Amino acid sequence: MLGAGGAGLARGLRAVTQAWLRGSRGRSVVLARAAGPPGTGDSRRRAGPGPGGRGLSLSAAAVVEAAPRPVQPYLRLMRLDKPIGTWLLYLPCTWSIGLAAEPGCFPDWYMLSLFGTGAVLMRGAGCTINDMWDRDYDKKVTRTANRPIAAGDISTFRSFVFLGGQLTLALGVLLCLNYYSVALGAASLLLVITYPLMKRVTYWPQLALG
């Protein structure tokens with residue numbers, strides 16, 4: 001009799017447990033549906049909206065989007081929203097400046113800042129020249145049709161004036177270096193101007209860029 005009672009009690013506990021588990025799963029599904037996909041609820045609340053209701057971001061593209069509307073075409077013209085080219089120009093400079101430092105000492109921050117500024121300006125000038133040369137071709141290519149000159153956001157004359165401003169500032173950076181560096185930098189300007197034309201005569205324009 002005790003065995004029968006124990007078996008009945010075990011069956012009752014099993015039934016209660018299964019019912020509770022089914023109910024828990026149901027409640028979990030309801031809560032999950034109410035909360036939305038993973039990582040969408042709490043993360044949005046923690047990040048919080050930025051000015052104008054947009055999320056805050058420190059990416060280069062977000063910085064360009066946050067700039068005043070009349071300035072944005074010029075920032076896109078110098079590819080400030082796509083900084084990989086600037087990094088590719090700047091990082092070898094930082095490596096060289098680091099190798100030139102005294103053992104156990106940090107690299108010269110003044111030189112790092114000069115070459116960083118020069119990398120941004122010269123990469124921007126190169127992209128401006130490229131878009132000026134290719135403005136008629138860019139209009140016919142989906143990937144490049146929205147570039148500022150091809151899209152008509154900046155006229156050829158204004159892009160020329162903008163190019164002059166970038167090169168003037170870059171010259172100011174160059175004159176902070178020694179005479180050998182000034183001569184070397186001035187000699188490289190010819191390659192900066194002609195590099196965009198290399199794609200018309202060869203499939204390896206990066207060779208001229210290198």
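How many residues does helix H6 have, and how far does it reach from its first C-alpha to its last? In this predicted model, helix H6 covers residues 109-133, which gives it 25 residues, and its end-to-end C-alpha distance is 36 Å. That reach is close to the 36 Å expected at 1.5 Å a residue. At the N-terminal end of H6, Asp108 acts as a cap, with one of its side-chain oxygens 2.9 Å from the backbone nitrogen of Tyr110.

Helix H6 belongs to a protein with 10 helices and zero strands. Followed along the sequence, the pattern reads α-α-α-α-α-α-α-α-α-α. Of the 210 residues, 24% count as buried. Among contacts with a separation of 6 or more, 59% are between residues 24 or more positions apart. The accessible surface comes to about 15100 Å², and carbon and sulfur atoms account for 69% of that area.

A word on confidence is useful before turning to individual side chains. The average pLDDT of the protein is 80, and 73% of the residues score at least 70. Residues 1-6 have a pLDDT below 50, and this stretch has zero contacts in the model beyond near neighbours in sequence. Residues 38-51 also stay under 50 in pLDDT, and for them the model has seven contacts beyond four places in sequence.

The charged side chains come next. The count of salt bridges comes to six. One of them joins Asp131 to Arg147, with the closest N and O atoms 3.5 Å apart. Asp131 lies in helix H6, while Arg147 is in the loop between H7 and helix H8 (156-174), so this pair ties together parts that are 16 residues apart in sequence. Both Asp131 and Arg147 are buried.

Arg147 has a further partner: its side chain meets that of Asp138 in a salt bridge, at 3.8 Å from N to O. With the cut-off for burial set at under 20%, Arg147 counts as buried because its relative accessible area is 17%. Asp138 is buried too, at 6%. These residues are part of a network of salt bridges that links Arg79, Asp131, Asp138 and Arg147.

Where in the chain does Arg79, a member of this network, lie? Arg79 is found in the loop between H4 and helix H5 (84-100). At 10% relative accessibility, Arg79 also counts as buried. The backbone of Arg79 deserves a look as well, with a phi near 60 degrees, a positive value in a residue other than glycine. Most residues other than glycine have a negative phi.

Just past the end of H6 in the sequence comes another acidic residue, Asp134, placed in the loop between H6 and helix H7 (135-138). Which residues does Asp134 touch, not counting those up to four places away in sequence? They are Lys199 and Arg200. With Lys199, Asp134 forms a salt bridge in which the closest N and O atoms are 3.0 Å apart. Lys199 sits in the loop between helix H9 (179-198) and helix H10 (205-209), so the bridge from Asp134 ties together parts that are 65 residues apart in sequence. With Arg200, the side chain of Asp134 makes a polar contact to the side chain at 2.9 Å.

Are the two ends of the Asp134–Lys199 bridge buried or exposed? Asp134 has a relative accessible area of 5% and is therefore buried. Lys199, by contrast, is partly exposed, with a relative accessible area of 40%.

A polar residue elsewhere in the chain completes the picture. Gln72 is found in helix H4, which spans residues 72-77. Its relative accessibility is 4%, so Gln72 counts as buried. Leaving aside neighbours within four places in sequence, Gln72 is in contact with Val64, Glu65 and Ala67.

Technical notes:
Residues are numbered from 1 along each chain as its sequence is written. Side-chain values use heavy atoms; hydrogens and water are left out. Helices (H or I, at least four residues) and strands (E, at least two) are DSSP runs, numbered from the N terminus. The expected span of a helix is 1.5 Å times one less than its number of residues. A polar contact is a pair of N or O atoms within 3.5 Å; within protein, one must be able to donate a hydrogen and the other to accept it, and residues adjacent in sequence count only if both atoms are side-chain atoms. pLDDT is the predictor's confidence in each residue, from 0 to 100. Contact means heavy atoms within 4.5 Å. Buried means under 20% relative accessible area, exposed over 50%, partly exposed in between (1.4 Å probe, protein chains only). A salt bridge is a side-chain nitrogen of Lys or Arg within 4 Å of a carboxyl oxygen of Asp or Glu. Accessible areas come from the Shrake-Rupley method with a 1.4 Å probe; for residues, only the protein chains shown count as cover.
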